[in-house]
Amino acid sequence: MSRRWGPLAGLLTAHTVSLTGNMLTLIALPLYVLAETGSPAATGLAGAFATAPVVLGGAFGGVLVDRIGYRRASVLADLVSGVTVAAVPLLHATVGLPFPALLGLVFVSGLLDTPGQTARIALLPEAATAAGVPIERAIGWFEATERGSRLIGAPVAGLLVSVLGALPVLAVDAATFAVSALAVAVLVPASLRPSAAADAPSASYWRDLAAGLRFLAREPLLRAMVLLVLVTNLFDATKSNVLMPVVAARDLGGAAAFGLLVGAMGGGALVGSLVFSAVGHRLPRRATFVTAFAVAGAPPFWALAAAPPLPVIAAVCVVSGLAAGAINPLIGAVKLERVPATMRARVYGVIGAGAWAAMPVGALGAGLAADRFGTTATLVAVGAGYLLVVLIPLLGGPWRNLRRPAPAEQPRPTRSPAPAGTGAE
C-alpha cells in the first residue's frame with residue numbers, strides 16, 4: 001500500500017472494525033437482558049446505561065482528544081473500551097455477573113468509545129489531503145464504513161447470538177477494539193495532525209471546554225442541527241434499544257430477525273452514503289436533508305407496528321437506510337465547513353453530546369411505554385412525532401443557511417506535514 005494512502009486506509013479500517021464490533025453489542029446486549037429478565041423496562045434501562053456514556057464521553061472527552069492528540073486518543077480509547085467489554089463475559093464465566101455489575105461495565109465500556117470515534121473523524125481532512133482525495137469523497141467513504149458495519153455486523157451478530165449466546169459475542173466485540181487500535185497505531189503516523197493555530201488547546205481543560213461551547217453557541221445552523229438530531233436520536237434509541245428487539249423476540253423469530261432488520265437498514269444506508277458521495281454536491285442541501293430524514297425516520301416504526309411478514313419490514317428498512325445514508329455525510333460536510341481544524345474534537349464532542357443527550361431517556365422511556373401502553377401504540381406515536389420534527393427545517397430560520405458555500409467561502413483542510421516518502425501532493 002502506498003504510504004500516502006496509509007493514514008486514510010488506517011482510519012477507514014479502524015472505523016469499520018470498531019463500529020462492526022459495536023453492532024455486535026447493539027444486538028447482543030438487549031437480547032441478553034430481555035432473555036434474562038423478560039422485561040422491556042429492564043431492557044430499556046440497559047439501553048440507557050449503554051447510551052449515557054456516549055453523551056458524557058462526547059461532552060467531556062473531546063477536549064481531552066484535542067489535548068493528547070488525535071492518533072493517541074484513538075488508540076487509547078479502543079484499548080480501554082476493549083478491556084471493559086472483555087470483562088463482561090470474563091466475570092460471567094468466573095465470579096458471576098449481577099445485573100447492576102453488567103450495567104456498570106456497559107457504562108464504562110462506552111465512555112471512551114465516542115472520544116475514539118471523534119479522534120478518527122478529526123484526522124480525516126489531513127488523511128484525505130495526504131492521499132489527494134477530495135474531502136467530500138473522504139467523508140462519504142467514512143460514513144459508508146459506518147453503514148457497512150451495520151450491514152455486516154448486525155446479521156452476523158444475530159446469527160452468532162442464536163448459535164453461541166450473547167456473552168460470547170461480547171468477547172468478539174472486545175477483539176474488534178484491539179484490531180481497531182492496531183490499525184491506527186500501524187498505519188496512521190504521529191506526524192498526521194492539524195498545524196498549530198491560535199485555537200490550539202490552552203493550559204486549562206475547562207477553558208478549552210468553554211471555547212467549544214462558545215463556538216457552538218455562536219453558530220445558529222449548528223445549534224439547530226443539534227436540537228433536531230437530539231430529538232430524532234431520542235426516537236431512534238426507542239427503536240434500536242427497545243422496540244425493535246422486543247418485536248423481533250416476540251413476533252419475528254428472535255436474534256436472527258433483529259440482526260437482519262438492523263443489517264437491512266445498514267445495507268441501504270451504505271448504498272445511500274456511496275450514492276451521496278458521488279452526487280451529493282449537486283443536490284440542494286435543505287430539500288435533501290428534509291426528504292432523507294422523512295423517509296428514514298417514521299416508516300420503520302410504522303412497519304413494525306403494522307406487523308407484516310419479516311421480508312416486508314426488511315424492505316422498508318432498506319429504503320429507510322437508503323435515505324439515511326445522505327444525512328450524516330451532509331451534516332459532516334457542514335461541520336467541516338464551519339469548525340476550525342484545531343477545535344474539531346472539542347466542538348465535535350459538544351455537538352455529539354448535545355445530539356445524543358436524549359438517547360438514554362429514549363431507551364428508558366420506550367421500555368416504560370411499551371410496558372404501559374404496548375409496543376404497537378408506542379411505535380405509532382413515536383413514528384408520528386418523528387415525521388413532525390423532521391419537517392421543521394422547511395420553516396426557515398437558521399435552516400436557510402443550509403446551503404453550499406461559494407468557492408471563495410469554503411475552508412481549505414489544514415495541510416499537516418506529510419510523512420516521509422508519502423509523496424503527498
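Guide: A residue is called buried under 20% relative accessible area, exposed over 50%, and partly exposed in between (1.4 Å probe, protein chains only). The model here is predicted, so local features need pLDDT of at least 70 and side-chain atom pairs 80 or more, while totals for chains, interfaces and linings use all residues. Residues are numbered from 1 along each chain as its sequence is written, and side-chain values use heavy atoms, leaving out hydrogens and water.

Visitor: Why is arginine 250 called partly exposed?

Guide: Arginine 250 has a relative accessible area of 48%. That value falls between the two cut-offs, so arginine 250 is partly exposed.

Visitor: And what makes arginine 250 and aspartate 251 a salt bridge?

Guide: A salt bridge needs a side-chain nitrogen of Lys or Arg within 4 Å of a carboxyl oxygen of Asp or Glu. In this pair the N to O distance is 2.8 Å, so the rule is met. Aspartate 251 is partly exposed too, at 46%.

Visitor: How many salt bridges does the structure hold?

Guide: The structure holds four. Another one joins arginine 120 and aspartate 78, at 3.4 Å from N to O. Arginine 120 lies in helix α5 (residues 113-131) and aspartate 78 in helix α3 (residues 70-93), so this salt bridge ties together parts 42 residues apart in sequence. The helices are DSSP runs (H or I, at least four residues), numbered from the N terminus.

Visitor: How do you know whether arginine 120 and aspartate 78 are buried or exposed?

Guide: Look at their relative accessible areas: 0% for arginine 120 and 2% for aspartate 78. Both values are under 20%, so both residues count as buried.

Visitor: What about glutamate 219 and arginine 338: what makes them a salt bridge?

Guide: Their closest N and O atoms are 3.0 Å apart, so the pair passes the distance test. The two residues lie 119 residues apart, with glutamate 219 in the loop between α8 (205-217) and α9 (220-252), and arginine 338 in helix α13 (residues 327-338). Glutamate 219 is at 15% and counts as buried, whereas arginine 338, at 28%, counts as partly exposed.

Visitor: Why are α9 and α13 called roughly antiparallel?

Guide: Their axes come within 11 Å and cross at roughly 150 degrees. Angles over 145 degrees count as roughly antiparallel (under 35 roughly parallel, 65 to 115 roughly perpendicular, the rest oblique), so α9 is roughly antiparallel to α13. Such axes are lines fitted to C-alpha atoms over the stretch in contact, with angles from 0 to 180 degrees between N-to-C directions.
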